[in-house]
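Open the model in your viewer and keep the sequence panel in view. The stops below say what to select and what is there.

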There are 4 protein chains.
Amino acid sequence: MSPTSEGTAGGKIHRFPVRVYYEDTDFSGFVYHASYLRFMERGRSEFLRICGIGHQMLLQLREPLFWTVRSISIKFIRPAGIEDALTVHTRVAEIGGARMFLEQRIERDGEELTRADVEVCVISGAGRPRRIPETVRERMAIYPRSADNPAGSQGELDA
Amino acid sequence: MSPTSEGTAGGKIHRFPVRVYYEDTDFSGFVYHASYLRFMERGRSEFLRICGIGHQMLLQLREPLFWTVRSISIKFIRPAGIEDALTVHTRVAEIGGARMFLEQRIERDGEELTRADVEVCVISGAGRPRRIPETVRERMAIYPRSADNPAGSQGELDA
Amino acid sequence: MSPTSEGTAGGKIHRFPVRVYYEDTDFSGFVYHASYLRFMERGRSEFLRICGIGHQMLLQLREPLFWTVRSISIKFIRPAGIEDALTVHTRVAEIGGARMFLEQRIERDGEELTRADVEVCVISGAGRPRRIPETVRERMAIYPRSADNPAGSQGELDA
Amino acid sequence: MSPTSEGTAGGKIHRFPVRVYYEDTDFSGFVYHASYLRFMERGRSEFLRICGIGHQMLLQLREPLFWTVRSISIKFIRPAGIEDALTVHTRVAEIGGARMFLEQRIERDGEELTRADVEVCVISGAGRPRRIPETVRERMAIYPRSADNPAGSQGELDA
């Protein structure tokens, strides 16, 4: 199986806990819709970091690169409220040469609140699209590298 | 043609100016992806307010109601940067009994940066879905009511 | 010493970990200044929740109440960057009948990045100031109640 | 009187309109406290831009610079709500070699909601403090330059 196939990457789900704070809610009493995108971005960032290909790592490449979102299709199913304990689930569906497709959902006590298909790619500091570096694709395939995952709140990976 | 058909509603485009500030950007140097959702929500809010069915009006109904987003499908085409002058374009594609579908895009100097299909509905204070009130559907159909549009930064409606 | 004196409350420091994400940064490459206020609010919320007087608890009083900020004096000493692991330190300096004064700071590896004096009070749903309920003052004095602290990411309290 | 004295700079007040949107509110029903800092930052950015020393201008200096906040002391006096039309007032109190002090307040229909003393300075891309460039201090003193103020939503300057 090729190291960048979705078979490997897609087989594991990253789970990351998020607590709902004041800043995430709006005057309806529930979580503001764009806050779920922030939660999902945290899930993706921790997932990438656990794989050793986080933002700092990309900044240190010969040409500094940035993960960026190309498209999101998101459904808001049930509302979350203040102090709710949520879990962001992240799974890689597919990695190509220039794009990565992820499936994400946010749950509360096992109940699905939000679900999204997310397409990300990498850009240069000038905003130009770049191919996903081979080292990134390789690390993606064999995650998590324990050396890159010494400690912290980066969530957990399950089969 | 019925007053709530998308023919009427869909015939006009609401344009709303947005300036990019510090708060909207991220460390890549460009606008953070979820900020575009905030910009689009501002465009929708001004559009609804120009039609006389803004948030304050919905709060004053016998049963207070809130606009909420059910789904968004969004493409990020080109990045925006600090101080850029953007325009949010909003058009109603369809209004049903319980849902409204809008097409939105964000432009800079006529160039499309972001494009989204947005589905919104109304909920009660307890988060329960409600039918879109008839008064709301009616005002939508005959917008803009000049009495509801005395002044301010609410953008403009064009054929 | 009275159970609501600052002596008791002031003797313990609540520590809460925060990771810097994309959403927290701006185009300067560092954390956006208002994001530190969000971090501090998270620290206060977890601290109050660990004491059994979080937002949900206040909503369930006979007259629902909300914590609100009356004033902040904040110094931004050193900048934080993407993926930095920060710690929010929160200490109650004084509790009066209508106001609570907290000292907060944000550190990275023991280095102080930001420091603030924060004054909070409670308001009704209509935005009217209210006295801090006696139950809230009592729980503050004897925190943490283990029954209110079953699990989660609420940080830790040290002498 | 020297062109960079606070006498000149301090004599004018910049007024900038802000509408309260969904994103700015929280579950208390009012504006989230950190949102007022975002509003004030917009006021400062438009004020600096009207003077010809906005963010883009600073990025184009030989050594690219960024405005950054060193300290804020802010009082939250009355709450704002959804759709409220606010005005951000900005006045330069003093400009030194490395720091600028501003007085800002947010009003609704002439009623003061929030008031702040803000200290800003400039940093390099590496986060190092720099002296405020002489061109910046000069433009500050003779603002607004009409050439830098062709159009847009940048508010107005009054004596």
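Helices here are DSSP runs of H or I with at least four residues, numbered from the N terminus. The model is a predicted one.

**Stop 1: A34 in chain B**

Select A34(B), which sits in helix α2 of chain B, residues 33-50. Is A34(B) buried or exposed? The cut-off for buried is 20 or more other C-beta atoms within 10 Å. A34(B) has 25 other C-beta atoms within 10 Å, so A34(B) is buried.

Now show what surrounds this residue. Setting aside neighbours within four places in sequence, A34(B) is in contact with A34(A), L37(A) and R38(A), and also with E23(C). For a distance within the chain, pick the C-alpha atoms of A34(B) and D24(B): they are 8.7 Å apart, with the two positions 10 residues apart along the chain.

**Stop 2: chain B against chain A**

Widen the selection to the contact between chains B and A. How many residues does each chain bring to it? Chain B gives 20 residues and chain A gives 20 residues. On the side of chain B that touches chain A, the elements giving two or more residues are α2 and β2 (65-76) of chain B. Colour β2(B) separately, as the largest share of that side, 10 residues, comes from this strand. By class, the side of chain B facing chain A has 9 nonpolar, 8 polar and 3 charged residues.

Next, superpose chain B on chain A. The operation is a rotation of 180 degrees with 0.0 Å of shift along its axis, and the RMSD is 0.0 Å. This is the relation of a two-fold axis. To find the axis from chain B, go to S73(B): its C-alpha is the nearest in that chain, 2.1 Å from the axis. Of the interface residues of chain B, 100% are also interface residues in chain A, so the two copies meet through the same surface.

**Stop 3: chain D against chain A**

Hide chain B and show chain D with chain A. This contact takes 9 residues from chain D and 9 residues from chain A. The side of chain D that touches chain A divides into 5 nonpolar, 2 polar and 2 charged residues.

Chain D is superposed on chain A by a rotation of 180 degrees, with 0.0 Å of shift along its axis and an RMSD of 0.0 Å. Which residue of chain D comes closest to the rotation axis? Select D26(D), whose C-alpha lies 1.9 Å from it. Here too, 100% of the interface residues of chain D are interface residues in chain A, so these copies meet through the same surface.

**Stop 4: the α2 helices of chains C and D**

Show residues 33-50 of chain C and residues 33-50 of chain D, which are helix α2 in each chain. The two helices pack at an angle of about 175 degrees, and their axes are 9 Å apart. At that angle α2(C) is roughly antiparallel to α2(D). Display the side chains that make the contact: H33(C), A34(C), L37(C) and R38(C) from α2(C), and H33(D), A34(D), L37(D) and R38(D) from α2(D). This helix pair brings together 4 nonpolar, 2 polar and 2 charged residues.

**Stop 5: S71 in chain C**

Move to strand β2 of chain C, residues 65-76, and select S71(C). S71(C) has 20 C-beta neighbours inside 10 Å and therefore counts as buried. Leaving out residues up to four places away in sequence, S71(C) touches E119(C) in its own chain and I74(D), K75(D) and F76(D) in chain D. The C-alpha atoms of S71(C) and C121(C) are 9.8 Å apart, although 50 residues separate them along the chain.

**Stop 6: helix α4 in chains C and D**

Select residues 134-141 of chain D, helix α4, and look down the helix axis. Its buried residues are V136(D), R139(D) and M140(D). They fall within an arc of 105 degrees, so they line one face of α4(D). Then switch to α4 of chain C, where V136(C), R139(C) and M140(C) are buried. These residues cover an arc of only 105 degrees around the axis, which puts them on the same side of α4(C).

**Last stop: chain A as a whole**

Finish by showing chain A alone, as a cartoon. Its secondary structure comes to 4 helices and 7 strands. From the N terminus, the order of elements is α-β-α-α-β-β-β-β-β-α-β. Chain A has 159 residues, of which 47% count as buried. Taking contacts in chain A between residues at least 6 apart in sequence, 70% join residues at least 24 apart.

Methods: Residues are numbered from 1 along each chain as its sequence is written. Chains are lettered from A and ligands numbered from 1 in the order in which they are written. This is a predicted model: local features need pLDDT of at least 70, side-chain atom pairs count only at pLDDT 80 or more; totals for chains, interfaces and linings use all residues. A residue is buried if 20 or more other C-beta atoms lie within 10 Å of its own, exposed if 12 or fewer, and partly exposed in between; C-beta atoms are placed from the backbone. The arc is that of the directions from the helix axis to the C-beta atoms. Two residues are in contact if their C-beta atoms, placed from the backbone, lie within 7 Å. Ala, Val, Leu, Ile, Met, Phe, Trp, Tyr, Cys and Pro count as nonpolar, Asp, Glu, Lys and Arg as charged, and the others, Gly among them, as polar. Copies are superposed by least squares on the C-alpha atoms of residues with pLDDT of at least 70 in both. Axes are lines fitted to C-alpha atoms, for helices over the stretch in contact, and angles run from 0 to 180 degrees between N-to-C directions. Angles under 35 degrees count as roughly parallel, over 145 as roughly antiparallel, 65 to 115 as roughly perpendicular and the rest as oblique.
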